[in-house]
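Here is a quick tour of a protein model, written for someone who likes to click around while reading. Have the viewer open and follow along.

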Amino acid sequence: MDGGSGSFQAKTDYATGSYPYSVFSADFDGDGDMDLAVANQNSNAVSILLNNGDGTFQAKTDYGTGNSPYSVFSADLDGDGDMDLEVGNGWSANVSILLNNGDGTFQAKTDYATGSYPFSVFSADLDGDGDMDLAVANRESHNVSVLLNNGDGTFQAKTDYVTCNSRIRSINNGK
């Protein structure tokens, strides 16, 4: 934007993986700028684009996920103060967790089983113990998988909760 007038400058395109489906913004490298994470459905990867501090972005860095990632969300999953990634993978029926190294780079994924066709992921402290748990909307199994955090960015096996929506597609905090 240009000084709060509500108008925008011309767009700038940045390369991502194949068929970008979901995007999330967070400060991944701890410099105070909002960076981008993009779930790329056809390349089975999440692209990270770090902000240069002026609203432009560095070239993407891709990290492998499960098969057909549809949703990406970020939260501090391991309690170390930096933003980690959770990615819902439609065809592999799992969520990939990528822990942040603290500098905007990420460790290799760890996958956790979910219901069928996880379409949306979200984090919140669901059990009140101070760490971020996972909630995953599963479109084809018509349920929500909850994975409780062990406090270190690893997760317990899922517990599924039936929904009344036959094709649940999104989950969020309602705010």
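What follows goes from the overall fold to one strand, then to the aromatic rings, a pocket and two backbone oddities.

**Overall fold**

Keep in mind that this is a predicted model. The chain has 12 strands and 0 helices, so its pattern along the sequence is simply β-β-β-β-β-β-β-β-β-β-β-β. The C-alpha trace spans about 45 × 35 × 30 Å along its principal axes. How does the radius of gyration sit with that of a compact globule? For 175 residues a compact globule would come out near 16 Å, and the chain has 16 Å, so the two agree. Buried residues account for 45% of the 175 residues in the chain.

**Strand 5 and its partner**

Strand 5 covers residues 69–75, and 7 of its 7 residues are buried. It pairs with strand 6 (residues 84–89) in the antiparallel sense, over 6 bridges. If you want a spot to zoom in on, take Val-72, whose bridge partner in strand 6 is Val-87.

**Aromatic rings**

Searching the whole structure turns up 13 aromatic pairs. A pair like this is described by the distance of the ring centres and the angle of the planes. Two of the pairs are worth a look:

| Pair | Centre to centre | Angle between planes | Type |
|---|---|---|---|
| Tyr-21 and Phe-119 | 6.0 Å | 80° | edge-to-face |
| Tyr-70 and Tyr-117 | 5.2 Å | 45° | tilted |

Why is the pair of Tyr-21 and Phe-119 edge-to-face? Its planes stand at 80°, and anything over 60 degrees counts as edge-to-face. Tyr-21 belongs to strand 1 (residues 20–26) and Phe-119 to strand 9 (residues 118–124), so this pair ties together parts that are 98 residues apart in sequence. The two partners differ in cover: Tyr-21 is partly exposed, with a relative accessible area of 37%, while Phe-119 counts as buried at 11% relative accessibility.

The other pair brings us back to strand 5. Tyr-70 lies in that strand and Tyr-117 in the loop between strand 8 (110–113) and strand 9, so the contact ties together parts that are 47 residues apart in sequence. Are these two tyrosines, Tyr-70 and Tyr-117, buried or exposed? Both Tyr-70 and Tyr-117 are buried.

The two pairs also belong to a bigger picture, since ring pairs link Tyr-19, Tyr-21, Tyr-70, Trp-91, Tyr-117 and Phe-119 into a cluster.

**The largest pocket**

Now for some empty space. The largest pocket has a volume of about 220 Å³. Its lining is made up of Gln-9, Ala-10, Thr-12, Tyr-14, Asp-54, Gly-55, Thr-56 and Phe-57. Sorted by class, that lining has 3 nonpolar, 4 polar and 1 charged residues.

**Two residues with positive phi**

Finally, a couple of backbone angles. Asn-44 is not a glycine, yet has a positive phi of about 50°. You'll find Asn-44 in the loop between strand 2 (35–40) and strand 3 (45–49), where it counts as partly exposed at 29% relative accessibility.

Ser-68 is not a glycine either, and its phi is positive too, at about 65°. Ser-68 sits in the loop between strand 4 (61–64) and strand 5. With 3% relative accessibility, Ser-68 counts as buried, because the cut-off for buried is under 20%.

Note on methods
Residues are numbered from 1 along each chain as its sequence is written. This is a predicted model: local features need pLDDT of at least 70, side-chain atom pairs count only at pLDDT 80 or more; totals for chains, interfaces and linings use all residues. Side-chain values use heavy atoms; hydrogens and water are left out. Buried means under 20% relative accessible area, exposed over 50%, partly exposed in between (1.4 Å probe, protein chains only). Helices (H or I, at least four residues) and strands (E, at least two) are DSSP runs, numbered from the N terminus. Two strands pair if DSSP finds at least two bridges between them. Rings of Phe, Tyr and Trp (its six-membered ring) pair if their centres lie within 6.5 Å; planes under 30 degrees apart count as stacked, over 60 as edge-to-face and the rest as tilted. On a 1 Å grid over the protein atoms alone, a cavity is a set of points where a 1.4 Å probe fits but cannot get out, and a pocket is an open set with protein on both sides within 12 Å along at least five of seven lines; lining residues have an atom within 4 Å of a point. Grid points are joined across faces, edges and corners, and a volume is the space filled by probe spheres set on the points. Ala, Val, Leu, Ile, Met, Phe, Trp, Tyr, Cys and Pro count as nonpolar, Asp, Glu, Lys and Arg as charged, and the others, Gly among them, as polar. The radius of gyration is taken over C-alpha atoms; the globule rule is 2.2 Å times the number of residues to the power 0.38.
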